[in-house]
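Reader: Please choose one part of this model and go through it closely. I would like to know what it pairs with, what it packs against and how confident the predictor is there.

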Amino acid sequence: MPGYLLHANAVMTCQHAVGQAKIAPVQTRVLVMGQPVATIPPGAPTIVVAGCPFTLPNGKPQPCVTVRWTMPSARVTVMGLPAMLTPAPGPAPGICQSAEQIPQGAPIVGAMQARVFAT
């Protein structure tokens, strides 16, 4: 699926629109708009969420802590790793997860570069 390349400073929040998601730059050689292109390394998630206040109805805290990205580029790689893509600002193709890895919903991309479109 084609989409826009994400960079390390793309503005993203968790499903609850409060927790700020931050993409950790895995590589720093390839830039878009002066920022490292976000890539998907094998294993550990590269998006960390901080400040999510979500609590279950029974009172148990269940904040979003990571985002598992589900839309790697099929054709564009950066330093051998697939680039992160998103179709447009709005709900993103990823899943916010709690510390127990319980899915919380899709993250929301608020601002990103809109010049480089890839597949």
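Author: Two strands are taken to pair if DSSP finds at least two bridges between them. The part chosen here is strand β6, residues 47-50. The model is predicted, so confidence comes first. Among the elements of the chain, β6 has the highest mean pLDDT, 93. At the other end stands strand β14 (residues 117-118), with the lowest mean pLDDT, 57. Where pLDDT is low, predicted coordinates should not be read in detail. For the chain, the mean pLDDT is 85, and 87% of the residues reach 70 or more.

Next, the partners. β6 pairs with β3 in the antiparallel sense, over four bridges. One of the residue pairs is Lys22 with Val48, the latter in β6. β6 also pairs with β7, again antiparallel, over two bridges. Here Val48 stands opposite Thr66 of β7, while Ile47 has Val67 of β7 as its bridge partner. Val48 therefore appears in two pairings, with Lys22 and with Thr66, under the rule that pairing strands share at least two bridges.

The chain of pairings can be followed beyond β7. Four bridges join β7 to β11, and these two strands run antiparallel. Val67, the partner of Ile47, has Cys96 in β11 as a bridge partner.

The two faces of β6 differ in cover. Ile47 and Val49 make up the covered face, whereas Val48 and Ala50 make up the uncovered one. Ile47 and Val49 are also among the residues with the most contacts inside the largest nonpolar core, which has 25 residues. Leu6, Met12, Ile23, Trp69 and Met84 are the others on that list. β3, β6, β7 and β9 each supply at least two residues of this core. β9 (81-86) gives the most, with three residues.

Val49 can be looked at residue by residue. With neighbours within four places in sequence set aside, Val49 is in contact with Cys14, Gly19, Gln20 and Ala21, among others. The same list includes Cys64, Val65, Thr66 and Val67. Thr66 thus recurs, since it also stands opposite Val48, with pairing defined through bridges between strands.

One residue outside the strand deserves a note, beyond the end of β3. Gln27 sits in the loop between β3 and β4 (31-32). Gln27 counts as buried because its relative accessibility is 6%, against a cut-off of under 20%. Polar atoms of the Gln27 side chain lie 2.9 Å from the backbone nitrogen of Arg29 and 2.8 Å from that of Val30. Beyond its sequence neighbours within four places, Gln27 is in contact with Pro36, Val37, Thr39, Val78 and Met79. Met79 belongs to the loop between β8 (72-78) and β9. Phi of Met79 is near 55 degrees, a positive value in a residue other than glycine.

Conventions: Residues numbered from 1 in each chain as written. Predicted model: local features only at pLDDT ≥ 70, side-chain atom pairs only at ≥ 80, totals over all residues. Heavy atoms only, no water. Core = buried A, V, L, I, M, F, W, Y, C linked by side-chain atoms within 4.5 Å. Buried < 20%, exposed > 50% of the residue type's maximum accessible area, 1.4 Å probe, protein only. Contact = heavy atoms within 4.5 Å. Polar contact = N/O pair within 3.5 Å; in protein donor to acceptor, adjacent residues only side chain to side chain. pLDDT = per-residue confidence, 0-100.
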